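Please read these notes with the structure open beside you, and take the points in order. They go through helix packing, then strands and sheets, and end with a single residue.

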Amino acid sequence: MFSGNVDHVLCAANHIQIMPVVDACVDFLRSHLELSNCLEILNAAELFTLNDLSNYVYKFISKNFQEFSMTKEFFKLTTNQLVTLLDLNFPVNCTECEVLSVVVGWIVHHHGYRLPSAGKWLQKVQLSNLKWQDIEQISNFGDLEKLTLGESTDCVIVGLKDQVQSQTCKIVPGLINLRGYEETMVICGGFRPGQGMTNAVQCYNKSKGTMKTLTRVPHVEQCNFGMAVMNNKLYVVGGCYNDDQMQEFAHGFGFCYDPMKNTWHNIAPMTNERCRFYLGSVGNKFYAIGGDPSASMETGDFAHCECYDLDTRRWQVVAPLPGNRMEHAGTTMADSIYISGGLQDQEGPVFDSFYKYETRTNTWVALRSLLTPRADHGMFSYEGKIYVIGGWYEDELTQQRVMASTVDCFDPVKGQWEVIGTIDSPRLYATYSVLKNQVIVIGGWLNGNCQRKCSAVEMFDLDTLTWSKVDKSADRGKSGGQEMWEHASCSIYLPVCTFDD
């Protein structure tokens, strides 16, 4: 039974609907939830239709799935509870092969080997997260064989091996299991109408075309920082902020966000304070390339670069990039980093240079120049090719700013650039990030006009080379749409429950 007499109080309060007392009982049960009583609390939550408490318990079981599966309580789960647990798709603390092994154990414990509908449970295992060679190594693989080779004609059981082998198992560094996770876009910092500079981190729900605040960077409001993902953790490093006199200051502090734990921690500050730079990850290191230097940085015809080692938790200086620059773009592919464009200062010319940094040899190699000089643009890699999009350059005759309207692609094998598309409505200070096979364009000023903020999210399909748009302007009165600028964005895997209302 529960601690004290809370079960009797909950029963009575729920019966006569004294909701403050019910809420107090629920809070008490949450605070005393542990493996030894979680099933008992779950049964009570379902008995009294306390859905929030029920979901809370299912999340707790999922977070401790491996430990819970080794207790006697696990085998007391009812059929509906096991199916619900797997259907809710919460992150678990074990591999999907271990989930499969646990489900097989539950089936055999309750029904033996001749259950015609065993596939009802086996189909709840996420086959896309499995490799057959790993399945063969589970401790009760013999039980699984008896289920799949028995008299059952259930197609899910008979075709289990074929289904697993037909899937491509996706591996995401930092995650032991993709169950309960979804790749999504996160948007951090920058400026919002009516809010000014903000440290909010939002996640973009592509299916609904809406944004939800996820967390906040634990630092002063800032912009023009570097952002990268390593081992499915979000790193926000450097940037700049304004003092009371609106004077801009760069800093070198870094912060790391763990979406599974929903927590932040500090990392060592960079050796140089910088903003408007590129931060990219390769292996277990990430690299800070160039940027607008602080007063403490020595300037010259080169850009300061450094890398952070996740193992040593230290920054160290690496080979400088030829040509000091800021507002450049970068991306990574295999063991290399690519840097394009940028400008030396606000009054200087926009570069069309394109460089490759080979991390293994700590050397920079000049590649064929961009088709168009670009600053404040986006660059990314997709299926072995490099793409640049957006940004601006100066017209040589008029010295006026011109928005770059083409999407250009670089083939590293051929060493050549080609135009593959155009942008109908170029933006200034927007972000361009890849989510699966699409470039997601968020925020910015339309055509460089500081009076025309853009709330529509546009998507460029890299397979079909076509554009689509999600216009949220109708939601401005409620949520401000997606109007933002000088922010950062990237893709990361977040728990699916993050998007729950």
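1. Helices α2 and α4 are roughly parallel to each other, because the angle between them is about 5° and angles under 35 degrees count as roughly parallel. Helix α2 covers residues 19-31 and helix α4 covers residues 51-63, and their axes lie 11 Å apart. Please keep in mind, here and in every point below, that this is a predicted model.

2. Which residues of α2 and α4 meet? On the side of α2 they are Val26, Leu29 and Arg30, and on the side of α4 they are Asp52, Leu53 and Tyr56. Sorted by character, the residues of this contact comprise four nonpolar and two charged ones, with no polar residue among them.

3. Helix α2 also packs against helix α1, which spans residues 6-15, and here the two axes come within 9 Å and cross at roughly 150°. This crossing of α1 and α2 is left-handed. From α1, the residues Val6, Val9, Leu10, Ala13 and Asn14 take part, and they meet Val21, Val22, Cys25, Phe28 and Leu29 of α2. Nine of the residues in this contact are nonpolar and one is polar, while no charged residue is found there. Leu29 of α2 deserves a second look, since the residue is listed in the contact with α1 and also in the contact with α4.

4. A further pair of helices is α7, residues 96-111, and α10, residues 141-148, whose axes come within 10 Å and cross at roughly 65°. Is the crossing of α7 and α10 left-handed or right-handed? The crossing is left-handed. Leu100, Val104, Ile107 and Val108 belong to the α7 side, and they meet Asp143, Leu144 and Leu147 on the α10 side. The contact of α7 with α10 is made up of six nonpolar residues and one charged residue, with no polar ones.

5. Turning to the strands, β4 (residues 200-205) and β5 (residues 210-216) run antiparallel and are joined by six bridges. Within this pair, Val201 stands opposite Thr215 in β5. The two strands form a hairpin, with four residues between them, and Gly209 in the turn has a positive phi of about 70°.

6. An open sheet of four strands follows the order β18-β19-β20-β21, and its pairing is antiparallel. Why is one side of β18 and of β21 left without a neighbour in the sheet? These strands, at 329-333 and 363-366, stand at the edges and each has a single partner strand, so one side of each has no neighbour there. On average, and with direction ignored, neighbouring strands of this sheet are turned by 25° against each other. Within the sheet, β18 pairs with β19 (residues 336-340) over five bridges, in the antiparallel sense, and Gly330 has Ile339 in β19 as its bridge partner.

7. Another open sheet is built from four strands in the order β22-β23-β26-β27, again with antiparallel pairing. Its edge strands are β22 (378-382) and β27 (416-422), each of which pairs on one side only. From one strand to the next, the twist averages 25°. Inside this order, β23 (residues 385-389) and β26 (residues 406-411) pair over four bridges in the antiparallel sense, and Val388 is placed opposite Asp408 in β26.

8. Finally, please look at Asp292, which is found in strand β15, residues 292-293. With neighbours within four places in sequence left aside, Asp292 is in contact with Glu248, Arg274, Cys275, Arg276 and Met326. One of these partners, Arg274, is 18 residues away in sequence, yet the C-alpha atoms of Asp292 and Arg274 are 5.7 Å apart in space. With another partner, Arg276, the side chain of Asp292 makes a polar contact, side chain to side chain, at 3.2 Å.

Terms used. Residues numbered from 1 in each chain as written. Predicted model: local features only at pLDDT ≥ 70, side-chain atom pairs only at ≥ 80, totals over all residues. Heavy atoms only, no water. Contact = heavy atoms within 4.5 Å. Polar contact = N/O pair within 3.5 Å; in protein donor to acceptor, adjacent residues only side chain to side chain. Axes fitted to C-alpha atoms, helices over the stretch in contact; angles between N-to-C directions. Left-handed = near helix turned anticlockwise from the far one by under 90°. Nonpolar A, V, L, I, M, F, W, Y, C, P; charged D, E, K, R; others polar. Pairing = 2+ DSSP bridges.
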